[in-house]
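Good morning, everyone, and thank you for making time for this short talk. Please have the sequence and the model open in front of you, and follow along as I go from one region to the next.

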Amino acid sequence: MRRIVIGLLAVALLGGGLVSGACTSANQTPGASQLVPADANAPAKNSAAPPPPVATAGATDVAPATRSVTVREIVVPAGTSLPIVLDTTVGSETSRVEEGVQAHVARPVPVNAVAVLPEGSRVSGVVTDATPAGKVKGRAHVAMRFTTLVPRGGEERYQIRTTAISRVAPATKKKDALEIGAPAAGGAIIGGLLGGKKGAAIGAATGGGAGTAVVLSTRGKEVQVPKGTALTVKLSEPITVRVRG
């Protein structure tokens, strides 16, 4: 009987402990070992860094390659011909001494296979002579000389000396002789009809005097070198020209 009572007490005590442990487990708060759902917006740890941007062909921060430009000095020797075209009209009756004259190079001027003076290079100078035709004698004449050269595409100005270009009006002696002789012949015919040989001599002298008067009152031909005229001048002295490229 005594053993039965002790067994019942043991069973009672064991049942109470189990109930207490169950309650304690039910009321326990989550510990550090429990899983917590991760934040979807949080950055992942140990993630790889993004790759650096790759420069494209059209990127503005890429410096373009610079092209080096070489400059050489080339001597254009004396006697070199410069083919030019006048941009200014020069005339014996219209121009004045020391008046400016403009022209341009008609085609490239080479030195040792290098075009030292490109087509379109500018040349300028002055009128050195402008003499109108005279009434009694002396034909009209003009002359010009170029003193400055500016190669096309450059800023340099070179002082040059060239041969002079001159033009003279054509002679009018034959025309003058005809103008004098025609009135004389006409006067001789009229004088012969009126008074024979003596009348012809008098008429010829009178007619010749009239023809001479006409010649003395008429100027000769003027001379003009118009704009657009192609000319060739030669350098009297060498010049040193800077050539790029």
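Let me begin with a question: which residue in β12 does Pro83 stand opposite? The residue is Thr232, and before I say more about that pair of strands, please keep in mind that what we are looking at is a predicted model.

Pro83 and Thr232 face each other within a pairing of strand β2, residues 81-86, with β12, where the two strands run in the antiparallel sense and are joined over five bridges. For those of you who are new to strands, the general rule is that in a regular strand the side chains alternate between the two faces of the sheet. In β12, which covers residues 230-234, Leu231 and Val233 point to one face and are buried, whereas Ala230, Thr232 and Lys234 point to the other face and are not buried.

Let us stay with this region and turn to Ile84, which, if we leave aside its neighbours within four places in sequence, is in contact with several residues of β12, among them Leu231 and Val233, and also with others such as Val105, Val123 and Phe146. Ile84 is also one of the residues that touch the most other members of the largest nonpolar core, a group of 34 residues, together with Leu86, Met144 and Phe146. The largest share of this core comes from strand β8, residues 141-150, which contributes four residues.

Now, stepping back to the whole chain, we find two helices and 13 strands, and 24% of the 245 residues count as buried. Among contacts with a separation of 6 or more, 67% are between residues 24 or more positions apart.

My next stop is a hairpin, in which strand β5, residues 109-111, runs antiparallel to strand β6, residues 114-117, with three bridges joining them. Val109 has Leu117 as its bridge partner, and of the two residues between the strands, Asn112 takes a positive phi near 55 degrees.

Strand β6 leads us to the second largest pocket, since β6 and β13, residues 239-244, each supply at least two residues of its lining. Which strand gives the most to that lining? That is β13, with four residues. The pocket holds about 170 Å³ of space, and its lining has six nonpolar, two polar and four charged residues, including Val116, Gly153, Glu156 and Arg242.

Thank you for listening, and I am happy to take questions.

Terms used. Residues are numbered from 1 along each chain as its sequence is written. This is a predicted model: local features need pLDDT of at least 70, side-chain atom pairs count only at pLDDT 80 or more; totals for chains, interfaces and linings use all residues. Side-chain values use heavy atoms; hydrogens and water are left out. A nonpolar core is a set of buried Ala, Val, Leu, Ile, Met, Phe, Trp, Tyr and Cys residues joined through side-chain atoms within 4.5 Å. Buried means under 20% relative accessible area, exposed over 50%, partly exposed in between (1.4 Å probe, protein chains only). Contact means heavy atoms within 4.5 Å. Two strands pair if DSSP finds at least two bridges between them. On a 1 Å grid over the protein atoms alone, a cavity is a set of points where a 1.4 Å probe fits but cannot get out, and a pocket is an open set with protein on both sides within 12 Å along at least five of seven lines; lining residues have an atom within 4 Å of a point. Grid points are joined across faces, edges and corners, and a volume is the space filled by probe spheres set on the points. Ala, Val, Leu, Ile, Met, Phe, Trp, Tyr, Cys and Pro count as nonpolar, Asp, Glu, Lys and Arg as charged, and the others, Gly among them, as polar.
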